[in-house]
Amino acid sequence: MRLNQVTVPCVDYEASVAFYKTLGLKQIVDSPPRYARFECPESDGGGEPATFSLHHVDGWTGCDHPVVYFECADVDATVQNLARQGIDCTSPPRDQSWQWREAYLRDPAGNLICLYHAGEIRRFPPWRIDG
């Protein structure tokens, strides 16, 4: 698994988008007033940049707290392996309308974890904005 996506809640979409752009993140998805995704500045080590997103708290009741995303090559196999080790998902793997396959679980402190596979869609969705 690779940590490469974190989603945080926002209450003022426009202010939050402006803030993260000012920090140097490049906006790649703009779906006001509920969702924005950014690419983080690329590191000198090369590789694929991480992404960061905002989700309006009134737009999706499940995102009133940060969500940590771990990308897996095979979500179903990862979930099965975790179940064998006694870690159960709160939401089984399923295909989402945004073309990701996702499963959710919580850590011992209750933090929401998403195991997902998106491939190129994470950074290059059909609705990606350029500029």
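# A guided tour from strands to salt bridges

Colour the chain by secondary structure to begin, and you will find two helices and eight strands, where helices (H or I, at least four residues) and strands (E, at least two) are DSSP runs numbered from the N terminus. What you have open is a predicted model, in which local features need pLDDT of at least 70 and side-chain atom pairs count only at pLDDT 80 or more, while totals for chains, interfaces and linings use all residues. Residues are numbered from 1 along each chain as its sequence is written, and side-chain values use heavy atoms, with hydrogens and water left out.

Next, follow the chain from its beginning to its end, and the elements come in the pattern β-α-β-β-β-β-α-β-β-β. With a contact taken as heavy atoms within 4.5 Å, 53% of the contacts between residues at least 6 apart in sequence join residues at least 24 apart.

Now switch on the surface, whose accessible area comes to about 7400 Å², with 54% of that belonging to carbon and sulfur atoms; such areas come from the Shrake-Rupley method with a 1.4 Å probe, and for residues only the protein chains shown count as cover. Of the 131 residues, 39% count as buried, a word that here means under 20% relative accessible area, as against exposed for over 50% and partly exposed in between (1.4 Å probe, protein chains only).

Select strands β6 (residues 91-95) and β7 (residues 101-106), which pair in the antiparallel sense over three bridges, given that two strands pair if DSSP finds at least two bridges between them. Asp95 has Arg101 of β7 as its bridge partner. Between these two strands the hairpin has five residues, and there Gln99 takes a positive phi near 75°. Add β8 to the selection, and you will see that β7 and β8 run antiparallel and are joined by six bridges. Arg101 can serve as a landmark once more, since its bridge partner in β8 is His117.

From here, select the charged side chains, among which a search of the whole structure finds six salt bridges, each being a side-chain nitrogen of Lys or Arg within 4 Å of a carboxyl oxygen of Asp or Glu. Which residues are linked with Glu39 in a network of salt bridges? They are Arg123, Arg128 and Asp130, and the network can be walked one pair at a time.

Start with Glu39 and Arg123, whose closest N and O atoms are 2.8 Å apart. Glu39 lies in strand β3 (residues 35-39) and Arg123 in the segment after β8 (112-117), so this salt bridge ties together parts that are 84 residues apart in sequence. Both Glu39 and Arg123 are buried, Glu39 having a relative accessibility of 8%.

Move on to Arg128, which also forms a salt bridge with Glu39, with 3.1 Å between the closest N and O atoms. This pair, too, links distant parts of the chain, as Arg128 is in the segment after β8 and Glu39 is in strand β3, 89 residues apart. Arg128 is buried at a relative accessible area of 16%. The side chain of Arg128 also meets that of Asp130 in a salt bridge of 3.4 Å, N to O, and Asp130 is exposed, with a relative accessible area of 66%.

Finally, select the cysteines. If a disulfide is a pair of cysteine sulfur atoms within 2.5 Å, how many disulfides does the count come to? The count comes to zero. Cys114 is in no disulfide, and the nearest cysteine sulfur, that of Cys72, is 8.6 Å away. Cys114 is buried, with a relative accessible area of 0%, and Cys10 is buried at 4%.

Conventions
Disulfide = S-S within 2.5 Å.
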